[in-house]
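Work through the exercises below with the sequence and the model side by side, and try each task before reading its solution.

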Amino acid sequence: MCWTVRDPLFVRLEVFVMLGSDVSSLSTPAATAAAKGLSIVVPAYNEAASLAALHQRICDLAKVLRQRYGLGCEVVYVDDDSGDATHSIACTLPASSVDVQVISLSRNFGKEAVLMAGLDYARRGAVLFMDGDGQHPPALIEQLASHWIEGGYDVVYTAKAHRDNESLLRRLSVHGFYALINWGARQKIPEDAGDFRLLSPRAVAALRQLPERNRFLKGSASWIGFRQIRVDYEPAPRAHGVATFSLMRLLGLSIEGLTSFSMVPLRFASLLGVPLATAAFLFGLWISWEVWTAGKQVPGNPSLVVGLMTIGGVQLIMIGIVGEYIGKILSELKARPIYFVAEHSEKQFAVEGRVSASERTAAELKLGATREMHINEVGHAIHQTTGAASGRRCPACGAIEPVAGDEPIWPIAWRCPRCAYVVPQAEGIPMFAPELANTASGFDPEAFDTVAQFEAGHFWFVARNRLIVGLVNRFFPRARSFMEIGCGTGFVLRAIAGSREWDRLVGSELHPAGLVHAKKHLPSKVEFVQMDARDLPAESIFDLTGAFDVVEHIADDEAVLKGLRAATKSGGGTIITAPQHPWLWSRADEIFHHQRRYRRGELETKLRSNGFEVLFSSSFTSLLLPLLMASRLKPRKASAIEDVYEYKLNPIINGLLRGILEAEVRMALAGVRWPAGGSRVVVGRAT
C-alpha cells in the first residue's frame, strides 16, 4: 500500500507499507522438517478417567515417530478448570518418551481459548491439536506427520468420514452451517473438518500473528492458506463419560464462527428488506384491486397488526445480528487476555534419563541435555543451553562466566577468573566503560533531572510507556528477566518493573548520572550497570531486552543491535523504539543529539540482519502526525532541552493529546499497524 504525504517543504513523499507478513523463512523441506519437532496440544475438561490411557498411546506413538523420522515430540495438556482430578492426574503423567507440559487455566475459558493457550505454550516447530476424550485416534498422528514431512503440506486436517450415526436434524444443521458460512467466502472452510489437525512451523507462525481475541480455529486454520490436505477418519467412541458440548454451546460456537468469518448475516439483513418491500407493494396492489373490482373493504386492524408484528420482528432480528458484530468489536477493542494460566509445570524426558543420548534427535542434541525453559507469547522456547556460551563476559579477555542463582550479573568489584580483570565501580555501580562516562557525545549528562521532569506527566512519554508494557505483556508474558539499554532516568524501567514479578531486572546507561537518578526511584532488586551499548558484556542471559529511543543517538547502531542479540536468549525477544521519517527532522533532534531518524523499513532490516525475526512493527504518534508536520513549518531557535517547544504544553492540551495517543495505543495493541508517525516500534524474536 502506498501512502502519500507532504513534508513542510511541500515535497511529495511516498511511504510504502507492508500489510502482510513474510513467513517463507519457516518453510520446512523434508530434509529439515523432523528437526523442528512436534508439539501435541491436548485440551482437557473433566477427562480424568481417560487421560492416563491416552498419554500412554501418545508415548507409544512418539517412539514410532522418533524411529521413523527422528522427530522429537512434546505433549501440552491444557486443563480448562476441570471439576474432577484432571489436573492432578496430568501432573503425574510420566515424561517417558515425550516432554510433558501441564497448563491449568484460572477458570473455564472455553475450548477456543484452551487451544490458543496450547498454541502459545508449544515450544516445538509443528503443532498438532487433538481432543483428550480419546475420540481422536493417536494412531492417525503418524499419517498426519507423514503428510507434513514427506508430502510438504502445511495444514493437515481431519474430517469425519460420515455422519451416519447422527440424527437427521444434526446432519441438516451441520450442512446448513457450512453452506451459510461458505456462501460468498473467498476461502472456504472444509465441511466436517474438526480441530484434530497438524500445522507446520510456518502455519503456526501465521496463526500466532492473527490478532483477534474472538477465535474460531477451524476458520483461522483455513484462512491462512498454504498447502492443505484432508484426511478422513471415523471418530472412536468416548473412552469414558459423556460429551460436555451441549446444544447451546454448539449454537454459540456456530454464531462465533459465522460472525468471525462471514458477512452473510449482515447481507441477509440487507437482502431481506427487498422481499419485504416487494410483498408490501404486492399486498397494496391486491387491496386496491379488491376495492376497485369488488368494492370489498379489507379489515384494517388485523392486517395492520400483522404487518407491524412482521416488520417489528424482522427489525428485532436484524438488530440482534448487528448487535453480535458490535459486541465482537467491543470485545476486540477491550483487548482482554484470552486466558489466564493459574498453574504451569513441565517435565523433560531427557532430564529424567529415560532416553539415551543416542536416541535423541539432532535438534535435541544441539540444545543439550538440560535446559531452562520459559515461554513467550508467540510460543517459542527461550532456552539456556548447558555448556554453551551464556553468562557475564569479561571486557578484557572475552571470557564468559556463568551466572548462578540469584547473584547479580555484574557484582561490585567483579574479578574475571581468567585474566583477573577487576571491573571498577563508582557510587555502587559497576563501570564497564569508565573512559566514556560523561564525555561521549550523544547526550548531556546534566540533563537527566530536566528530562525526568518532562517525562513524569508528558503525554508522549506516558503513552509510550503504555505501548511498551502492552507489547511486553502481549508478546512475552512469561519472560522473567529483562535488560534495558540506555535506561536514562529509569522512567520506562519503572513501568516495566511494576507490570509483573520479575526474577531479574537490569538497567544500563553510558552516563552514571542517569543511573544514580534511576537508582533512587526503582526497587533495590533492580541492577544498574554503566556500559557502552556497542559492547555489552553479556551472552544469552536475558529473556527480553529493550532500547527505547536510544539507537538513534549512536552512529554504529548495528553494533548495538548485535550486542542485544548476543545478550538475549535464543527464542527471547527485544523491543526497540526510535524516531522515524527524516523529513520530520527538527531542532529538537539536534538538541537531543540524534544521529538519524529512521527511514521506512530501515530498523526492521537491521534487526533481521543481526539475528532477529520481526514479530511486530508499527508507527507511533500517528494520529498526531499532522501536528508534528505543522510544528516544523515555523523555524525555532531552541538551544537547550529546557527550550524545546515540543515539551512545553498547557495542561489542558497535554491531557487532550494524551487521550488521543492512549486511544492509538489501544488500537495498536489490538493489532492495528499504523503506516506513518513520529516514532517506530519494532518487536523482534531472537532466532
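The exercises that follow go from confidence to sheets, then to packed helices and a loop.

This is a predicted model, in which local features need pLDDT of at least 70 and side-chain atom pairs count only at pLDDT 80 or more, while totals for chains, interfaces and linings use all residues. Residues are numbered from 1 along each chain as its sequence is written, and side-chain values use heavy atoms, with hydrogens and water left out.

**Exercise 1. Confidence**

Find the mean pLDDT of the chain, and locate stretches where pLDDT is under 50.

Solution. Begin with the term itself: pLDDT is the predictor's confidence in each residue, on a scale from 0 to 100. The chain has a mean pLDDT of 75, and 71% of its residues reach 70 or more. Next, turn to residues 1-18, where the pLDDT is below 50, although the model gives this stretch 36 contacts beyond near neighbours in sequence; a contact here means heavy atoms within 4.5 Å. Then look at residues 351-388, over which pLDDT stays under 50 and for which the model has 105 contacts beyond four places in sequence. Where pLDDT is low, the predicted coordinates should not be read in detail.

**Exercise 2. The sheet of 8 strands**

Trace the strand order of the open sheet of 8 strands, and say which strands stand at its edges.

Solution. Helices (H or I, at least four residues) and strands (E, at least two) are DSSP runs numbered from the N terminus, and two strands pair if DSSP finds at least two bridges between them. The order is β9-β7-β8-β6-β3-β4-β5-β10, and the pairing is mixed. At the edges stand β9 (228-233) and β10 (341-347), each with a single partner strand, so one side of each has no neighbour in the sheet. From one strand to the next, the twist averages 20 degrees.

Now take one pair inside this order: strand β4 (residues 73-79) and strand β5 (residues 99-105) run parallel and are joined by 6 bridges, with V76 opposite Q101 in β5. Helix α2 (residues 48-69) packs on the sheet, where it touches β3 (38-44), β4 and β5, and its direction makes about 160 degrees with that of β4. Helix α7 (residues 201-208) lies across β6 (126-129), β7 (155-160) and β8 (193-199), and runs at about 120 degrees to β8. Such angles run from 0 to 180 degrees between N-to-C directions, and axes are lines fitted to C-alpha atoms, for helices over the stretch in contact.

**Exercise 3. Two helix pairs**

Describe how α14 packs with α21, and how α2 packs with α5.

Solution. Two packed helices are described by the angle between their axes and the distance between the axes. For helix α14 (residues 459-475) and helix α21 (residues 651-669), the axes come within 9 Å and cross at roughly 15 degrees. The two are therefore roughly parallel, a label for angles under 35 degrees (over 145 is roughly antiparallel, 65 to 115 roughly perpendicular and the rest oblique). Among the residues that meet are F459, W460 and V462 in α14, and N654, L657 and R658 in α21. By class, this contact has 11 nonpolar, 2 polar and 4 charged residues, where Ala, Val, Leu, Ile, Met, Phe, Trp, Tyr, Cys and Pro count as nonpolar, Asp, Glu, Lys and Arg as charged, and the others, Gly among them, as polar.

Turning to the second pair, α2 and helix α5 (residues 141-149) pack at an angle of about 30 degrees with their axes 10 Å apart, which makes α2 roughly parallel to α5. Here L61, V64, L65, R68 and Y69 in α2 meet I141, E142, A145, S146 and I149 in α5, and the contact has 7 nonpolar, 1 polar and 2 charged residues.

**Exercise 4. A small sheet and a loop**

Place R392 and P411 in their surroundings.

Solution. The open sheet of 3 strands has the order β14-β13-β20 with antiparallel pairing, and its edge strands, β14 (400-401) and β20 (538-539), each pair on one side only. Strand β13 (residues 391-393) pairs with β20 over 2 bridges, and R392 stands opposite A538 in β20. P411 belongs to the loop between β14 and β15 (425-426). Leaving aside neighbours within four places in sequence, P411 is in contact with R392 and P430. P411 and P430 are 19 residues apart along the chain, and their C-alpha atoms are separated by 7.4 Å.
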